[in-house]
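Student: I would like a careful, close look at a single part of this model, with the criteria behind each statement made explicit. Could you choose one helix and describe its surroundings after a brief orientation in the chain as a whole?

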Amino acid sequence: MALEDKILPAGLEADEHVGAAIKPRLEDGMLPCSAAVALAEELGCLPILVGQTSDILAIRLTRCQLGLFGYPGHSKGWAAAGVAELAVPAGLEQALAEDRDEQGNIGCHELWRLAERFGVSRIHVGYITDRLGIPIRRCKLGAF
């Protein structure tokens, strides 16, 4: 979902401490997903707080670690990363099917866990998930 299309909860205010910590991590005025998640870990807060603060400050997130958005010149990050040629680890497709929720979706958290379990990059798991037609929902940062 594009930043301008988001509807934030009424009364939601930017966390000043998080906002101040975001600014030095910006690249071309945008916050990379990896920097946002690392910042949340450093501050000991949930990634959604960093994402919401970014939204309130009108700072776009970029370079999704699953490859879903933020790759200029490419609709998806895996086109830039060249993961389409990589082998699919045995058992990953089955694990993706098993980790889906009641609506058939899978979340960012589950995909990160599967990438670690199968020893592949997050963007590779994002590509495979998309190729299988599994909707990815529940971004850690609230981007989608």
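Tutor: The answer below begins with the whole chain, then turns to helix 7 and its neighbours, and ends with some residues elsewhere for comparison.

This is a predicted model, in which local features require a pLDDT of at least 70 and side-chain atom pairs count only at pLDDT 80 or more, whereas totals for chains, interfaces and linings use all residues. Residues are numbered from 1 along each chain as its sequence is written, and side-chain values use heavy atoms, with hydrogens and water left out.

The chain contains seven helices and four strands, both taken as DSSP runs numbered from the N terminus (H or I over at least four residues for helices, E over at least two for strands). Along the sequence these elements follow the pattern α-β-α-α-β-α-α-β-α-α-β. The radius of gyration is 16 Å, close to the 15 Å that the globule rule gives for 144 residues, so the chain is as compact as a globular protein of that length; the radius is taken over C-alpha atoms, and the rule is 2.2 Å times the number of residues to the power 0.38. Along the principal axes, the C-alpha atoms fill a box of roughly 45 × 35 × 30 Å. Of the 144 residues, 42% count as buried, where buried means under 20% relative accessible area, exposed means over 50%, and partly exposed lies in between (1.4 Å probe, protein chains only). Among contacts with a separation of 6 or more, 69% join residues 24 or more positions apart, a contact being heavy atoms within 4.5 Å.

Helix 7 spans residues 122-131. Seven of its 10 residues are buried, so helix 7 is largely enclosed by the rest of the structure. The buried residues are Ile123, His124, Val125, Gly126, Tyr127, Ile128 and Thr129, and what covers them includes helix 4 (77-81), helix 5, strand 3 (106-107), helix 6 and strand 4 (136-137).

Among these neighbours, helix 6 can be described in geometrical detail. Its axis comes within 9 Å of that of helix 7, and the two cross at roughly 115 degrees; the axes are lines fitted to C-alpha atoms, for helices over the stretch in contact, with angles running from 0 to 180 degrees between N-to-C directions. The crossing is right-handed, a term used when the near helix is turned clockwise from the far one by less than a right angle, with anticlockwise giving left-handed. Leu111, Trp112 and Ala115 of helix 6 meet Arg122, Val125 and Thr129 of helix 7. These contact residues comprise four nonpolar, one polar and one charged, where Ala, Val, Leu, Ile, Met, Phe, Trp, Tyr, Cys and Pro count as nonpolar, Asp, Glu, Lys and Arg as charged, and the others, Gly among them, as polar.

Strand 3 offers a second view of these surroundings through Ile106, which lies in that strand and is buried, with a relative accessible area of 0%. Beyond its neighbours within four places in sequence, Ile106 has contacts that include Leu96, Leu111, Thr129 and Ile136. The C-alpha atoms of Ile106 and Ile136 are 5.1 Å apart, although 30 residues separate them along the chain. After helix 7 comes Gly133, whose phi is positive, near 75 degrees.

Helix 7 also belongs to a wider arrangement. The largest nonpolar core has 40 residues, and the members that touch the most others are Leu31, Val50, Leu66 and Leu96; such a core is a set of buried Ala, Val, Leu, Ile, Met, Phe, Trp, Tyr and Cys residues joined through side-chain atoms within 4.5 Å. Helix 7 is one of the elements that give two or more residues to this core, the others being helix 1 (16-22), helix 2 (33-43), helix 5 (92-98) and helix 6 (108-118).

For comparison, in helix 3 the residues Pro47, Val50, Gly51, Thr53, Ser54 and Asp55 are buried, and they pack against helix 1, strand 1, helix 2 and strand 2. Just after helix 3, Ala58 has a positive phi of about 60 degrees. Most residues other than glycine have a negative phi. Ala58 sits in the loop between helix 3 (47-56) and strand 2 (61-62) and is exposed, at 56% relative accessible area.
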